[in-house]
Every structure is written in C-alpha cells, then in structure tokens.
Amino acid sequence: MGKSLVIVESPAKAKTINRYLGSDYIVKSSVGHVRDLPTGASSREPVDPKARAKQAAATRKMSPEKKAEYKERKAREQLIRRMGIDPEHDWQADYQILPGKEKVVAELKKIADKADSIYLATDLDREGEAIAWHLKETLGGADGRFKRVVFNEITKKAIQQAFAEPGQLDTNRVNAQQARRFLDRVVGFMVSPLLWEKIARGLSAGRVQSVAVKLVVEREAEIRAFQPVEYWTLHADLETGDEDTVRFEVRSVNGSHYRPDNRDDSDKAVAALNGETYVVSDREDTPTQSKPPKPFITSTLQQAASTRLGFSVKKTMMHAQRLYEAGYITYMRTD
C-alpha cells in the first residue's frame, strides 16, 4: 500500500503536520498559489516578424472603416489576453502555472503519481479553497483520489480529527474566489485605461481601491459641508465637607436643557451660580454589566495591534500566521 500525499500552503506548517500524521503520509507545501491568471510577461504572445509584416501590409490596404474595425477588434483581443479572462464567452479563464513555481509543481506531480490518496489541506478560507482546486486541476487524475481536509488550529487533536473525516472541495467558495479575482482584472484592466483617457495618465482603478477612494471623498465632502455651531458648557468644581473637590456639569435650568449659544448668556449663568451653596438632593444608582471582550476576528485583531502596539496590517498578519502555524492560535483570517 502506497503513502498518501498531503499538500499544505506553507513549509513551516508542513513540518508540524508531518509530526502529527506519521510515516504513512508525505506532507509537502505548495508555497501558496501555484496557478493564476497570466502575469505581465506570460500574457505576451511570441511575435513572428514575417506574419506581423504581412498583416501590416494587409491592414494598409483596408478601407478606413475596415481599418478602424480591425484595430478595435485587435485591441479587444489583446485586452482579453492580458486579463486572462473573457467576459463575453462565459468568463473563460486562462490559468497558467506561476513563474517560479515550475519546480514545486513538478515535485508535487511526481509524488502524486505514486500516491494512493491526495489530501488537500490548504487554509479553510476562500483563498485556501481556490488553492486546493488549482492543485487538483494541475495534478490531474481521478476525482476519487482527492480529499479535502480543513482545520481551525494546528494541534495534534485537530489534525487527526480532520484527517479522520475528510470532505470534498467547496465549489461555492472556489467560485467566490474566482469572482473576486475576475473583478480585480476587469476593474483594473478596463477602468484604469478610461481614467488615463478622461483624467490623467498614471491613475489606477481597483476593486477595493476605487470603493475606498469613494468613501474617503464622500467623507471629505461631509467635513467641508459641516457648519460649526457655537455653544457653551458649564462645569463647577464643588468642595465637599471633607474639602474634596468634585466636578459637576450643568445639564438643565428650570427643567430646560442648558446650552447657551453665546458667551453673554454663559457668563450670566456663571454669575448666578457663584457664591451659592449646593446640596445633593437625590442620587440615582444604575447597575451596569461588564462582559469580557469577544475573541478577535481579523479586523479587530488588526485594529488592536495598530492601536496598542503600533503594528501595520502586514506585520500583524505575519506574526499571526507564525502563531497559527506554531499551534498557539486558531486560524486568523475570518469573514
């Protein structure tokens, strides 16, 4: 009976999991994604000088209308090739092995050919599900060989439990990741050129970036439209019988809310209060409850690390990843 291949994302995680599973498993790392839409260099087609010269000659003989139509079609083809997706043909995607990942893929294929089963143990979020799907598509073979295992913490108990009850790939999560990736390309490759044409060269658009800019612009517009209103507050530092000082605030006068809108009215209130004697006529006790803070999610973890430690998002997630891989915390990326 052959061994089973287990594929995780990071080399550090592979070493830890290998200790928990034993000798019947070979644990390897994909080192993140192995396949994606074309990068800049991989999207360029090799140019045949003779064919290019022949096409140029044919283009010169075209009528102005035909030439404009040809150029528009050619530009569209080049755009789709650079994006790696074709929105007009059911979003067909041109996935390619990432540059620099050829050796990783070759090693995984070699081991996979001899393995009885292949366990896809990538992270449990959408990105991890997509990596698992790309690995399955890249390695090939019968679907029955592939099993999906997920775990929320890297401990012996969690790992062994996950491998005792393997599942299947979640195609909904895979499709969600692909939709996000496609939108990255569509917005970046199709909207950015529009900005260059209409506003200025060098500007860029993005699925997240453009929405964030919109929020900033709207907030700035609210700030500029704000009309300040003058109002005054009044506090009194009163001494107790033990000569301790307690600060009080004037909230109401004769049953009406106290909020003068000019200094003269505020000074009149101060003059009326000076020299008076004050007595506590009533006290209202309100019970309160204090609950422990909720466990961190990704956003609150990043906020706390920034506020308390001055960490950037990148630094926070790097340390969280190390803690997770060492088995100290649960998975740190949440929806």
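Visitor: At roughly what angle do the axes of α5 and α7 cross?

Guide: Happy to help: this is a predicted model, in which local features need pLDDT of at least 70, side-chain atom pairs count only at pLDDT 80 or more, and totals for chains, interfaces and linings use all residues. Residues are numbered from 1 along each chain as its sequence is written, and side-chain values use heavy atoms, with hydrogens and water left out. Helices (H or I, at least four residues) and strands (E, at least two) are DSSP runs numbered from the N terminus, while axes are lines fitted to C-alpha atoms, for helices over the stretch in contact, with angles running from 0 to 180 degrees between N-to-C directions. The axes of α5 and α7 come within 8 Å and cross at roughly 100°.

Visitor: Are α5 and α7 roughly parallel or roughly perpendicular to each other?

Guide: Angles under 35 degrees count as roughly parallel, over 145 as roughly antiparallel, 65 to 115 as roughly perpendicular and the rest as oblique. The relation of α5 to α7 is therefore roughly perpendicular.

Visitor: Which residues of α7 make the contact with α5?

Guide: Contact means heavy atoms within 4.5 Å. On the α5 side it involves R126, E127, E129, A130 and W133, and on the α7 side R173, V174, A176, Q177, Q178 and R180.

Visitor: How many charged residues does this contact of α5 with α7 have?

Guide: Ala, Val, Leu, Ile, Met, Phe, Trp, Tyr, Cys and Pro count as nonpolar, Asp, Glu, Lys and Arg as charged, and the others, Gly among them, as polar. The contact of α5 with α7 divides into 4 nonpolar and 2 polar residues, with the charged ones numbering 5.

Visitor: Does Q178 count as buried or exposed?

Guide: Q178 belongs to helix α7 (residues 171-198), and beyond residues up to four places away in sequence it touches Y95 and W133. Buried means under 20% relative accessible area, exposed over 50%, partly exposed in between (1.4 Å probe, protein chains only). Because its relative accessibility is 13%, Q178 counts as buried.

Visitor: How many of the 14 residues of α5 are buried?

Guide: Among the covered residues of this helix are I131, W133 and L135. Helix α5 is mostly covered, and its buried residues number 11.

Visitor: Is the crossing of α4 and α5 left-handed or right-handed?

Guide: Helix α4 (residues 102-114) and helix α5 (residues 126-139) pack at about 70°, with axes 10 Å apart. A crossing is left-handed if the near helix is turned anticlockwise from the far one by less than a right angle, and right-handed if clockwise. For α4 and α5 the crossing is right-handed.

Visitor: Which residues does K109 contact, leaving aside neighbours within four places in sequence?

Guide: K109 sits in helix α4 and, at 36% relative accessibility, counts as partly exposed. Its C-alpha is 8.7 Å from that of G140, though 31 residues separate the two in sequence. The contacts of K109 are T138 and L139.

Visitor: What is the phi of G140, which follows α5?

Guide: Helix α5 ends just before this glycine. The phi of G140 is positive, near 70°.

Visitor: What relative accessible area does W91 have?

Guide: W91 shares the loop between β4 and β5 with D90. Both have positive phi without being glycine: near 55° for D90 and about 55° for W91. D90 is exposed at 72%, whereas W91 is partly exposed, with a relative accessible area of 38%.
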